[in-house]
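Here is a short briefing for a reader who is new to this structure. Please look over the sequence and the model, then read on by topic.

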Amino acid sequence: MKASAFSYARATSVVNALELLAIHGDDAKVLAGGQSLMPTMNLRLISPELIVDIGGIAELKGIAVKGDVLTIGALTRHVDLQRSPEIATHAPLLTEAIAHVAHPAIRNKGTIGGSLAHADPASELPACMVALDATIVIRGQSGERRVAAGDFFTGIYETALSADELLVAVELPVARQNSAHFFCEFARRQGDYAIVGAAAQAIVEGDRFADLRLVLFAVGDRPVLSSAALRLINVAVAPEVLSDASTSLEEELDPPEDQQATASVRRHLAKVLLRRCVAALLRRPALAAGPRA
């Protein structure tokens, strides 16, 4: 199929893009890398009257570190994140996760802002943003506002963005001392959408977690920050403690059922990922095995 007929406008600046969005509202869609928007239009799942192309706006591109904040422009491509020494140093979770995003052709065009605004619940980057406690920077004609990543994603393909606003950047706290990260996903093939995935950022002090943010994706309508994993902070993680957390995780999830997996399979895989995450971060491989029958 092909997209319905639409008008096209190439924005010359953020101000110009916001003017166009203010005029056309819900009838307009923003084009960044186009890796999610164009397939959706070609399937006629959406039929916008106007496409606002922001791809040429230089101020929305780039990666910068200032003080204890790492800022990523919305038009920064996946491949640029993957190759960035600043990302590798201050947010290595992203470096690892990007390798699982689709295929090289997609990563060469797709942007971080486009991925976050699309808000696919099976996507890697939204989960990473929640795990990293990121702040999403949004601009409208009335000014700029900041939204915590955990509040930004509101449902399947839904976010806190209004039709007349633009996601302009992401702000991440730089990695702290004793930081550690974990990323893993189950997919049928490399590059496929995840059946279940996990992204985690932690502070490890000795044999305990001083902080742990484990976020699961493809298990709900948005990234899920695990409450069960939060219970592992500042406690000695014995096998029985991890077993209790695993049971709690199963109870807190309400995953979808589709052609890839049943809800029960997704719950099981989420528990496997919890164990693998804790075992990897604490460097205790035996914890990944789970309880013996």
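**Helix α1 and its surroundings**

The buried residues of α1 pack against five strands: β1, β2 (28–31), β3, β6 (135–140) and β10. This is a predicted model. The points below start with that helix, then turn to the domains, the salt bridges and some single residues.

- Buried positions in α1 are Val14, Asn16, Ala17, Leu18, Leu20 and Leu21.
- Gly25 follows α1. The phi of Gly25 is positive, near 55°.

**Domains**

- The domain assignment splits the chain into domain 1 (7–53), domain 2 (60–173) and domain 3 (179–289).
- The centres of domain 1 and domain 2, taken over C-alpha atoms, are 19 Å apart.
- Domain 1 brings 14 residues to its contact with domain 2, and domain 2 brings 16 residues.

**The interface of domain 1 and domain 2**

- The size of an interface is often given as the accessible area lost when the parts come together.
- Here, domain 1 and domain 2 bury about 1,200 Å² between them. Carbon and sulfur atoms carry 73% of that area.
- Which three residues supply the most of the area that domain 1 buries against domain 2? They are Val14, Leu18 and Gln35, with 44%.
- How many salt bridges does the rule find across this interface of domain 1 and domain 2? The number is zero.
- Polar contacts give the count of zero residue pairs between domain 1 and domain 2, with both residues required to be at pLDDT 80 or more.
- Helix α1 (residues 14–24) gives the most to the side of domain 1 that touches domain 2. The helix supplies six residues there.
- By class, that side of domain 1 has seven nonpolar, five polar and two charged residues.

**Salt bridges**

- By the rule used, the count is twelve salt bridges.
- Asp53 pairs with Arg10 in one salt bridge. Their closest N and O atoms are 3.0 Å apart.
- Asp53 lies in strand β3 and Arg10 in strand β1 (residues 7–10), so this pair ties together parts that are 43 residues apart in sequence.
- Is Asp53 buried or exposed? Asp53 counts as buried, because its relative accessible area is 8% and the cut-off for buried is under 20%.
- Glu144 and Arg139 also meet in a salt bridge, at 3.1 Å from N to O.
- Glu144 is partly exposed, with a relative accessible area of 40%. Arg139 is partly exposed too, at 25% relative accessibility.
- Arg146 forms a salt bridge with Glu171, and the closest N and O atoms are 2.9 Å apart.
- Arg146 sits in strand β7 (residues 143–148) and Glu171 in strand β10 (residues 166–173), so the pair ties together parts that are 25 residues apart in sequence.
- Arg146 is partly exposed, with a relative accessible area of 48%.
- Which residues are linked in a network of salt bridges? They are Glu59, Arg139, Glu144, Arg146 and Glu171.

**A closer look at Glu171**

- Glu171 is a residue of strand β10.
- The side chains of Glu171 and Arg146 are also joined by a polar contact of 2.9 Å.
- Leaving aside residues up to four places away in sequence, Glu171 touches Val69, Leu70, Thr71, Ala134, Thr135, Val137 and Arg146.

**Positive phi outside glycine**

- Arg44 is not a glycine, yet its phi is positive, near 60°.
- Where does Arg44 lie? Arg44 is in the loop between α2 (37–42) and β3 (50–53).
- Arg44 is partly exposed, with a relative accessible area of 45%.
- Ala102 has a positive phi of about 50°, although Ala102 is not a glycine.
- Ala102 is placed in the loop between α5 (92–98) and α6 (104–107).

**Ser246 in helix α11**

- Ser246 is found in helix α11 (residues 239–252).
- Why does Ser246 count as buried? Its relative accessibility is 3%, and buried means under 20%.
- Ser246 touches Lys271, Leu274 and Arg275, not counting residues up to four places away in sequence.

Technical notes
Residues are numbered from 1 along each chain as its sequence is written. This is a predicted model: local features need pLDDT of at least 70, side-chain atom pairs count only at pLDDT 80 or more; totals for chains, interfaces and linings use all residues. Side-chain values use heavy atoms; hydrogens and water are left out. Domain bounds come from an automatic or database domain assignment. Contact means heavy atoms within 4.5 Å. Buried area is the accessible area (1.4 Å probe) that two parts lose on being put together, summed over both. A salt bridge is a side-chain nitrogen of Lys or Arg within 4 Å of a carboxyl oxygen of Asp or Glu. A polar contact is a pair of N or O atoms within 3.5 Å; within protein, one must be able to donate a hydrogen and the other to accept it, and residues adjacent in sequence count only if both atoms are side-chain atoms. Helices (H or I, at least four residues) and strands (E, at least two) are DSSP runs, numbered from the N terminus. Ala, Val, Leu, Ile, Met, Phe, Trp, Tyr, Cys and Pro count as nonpolar, Asp, Glu, Lys and Arg as charged, and the others, Gly among them, as polar. Buried means under 20% relative accessible area, exposed over 50%, partly exposed in between (1.4 Å probe, protein chains only).
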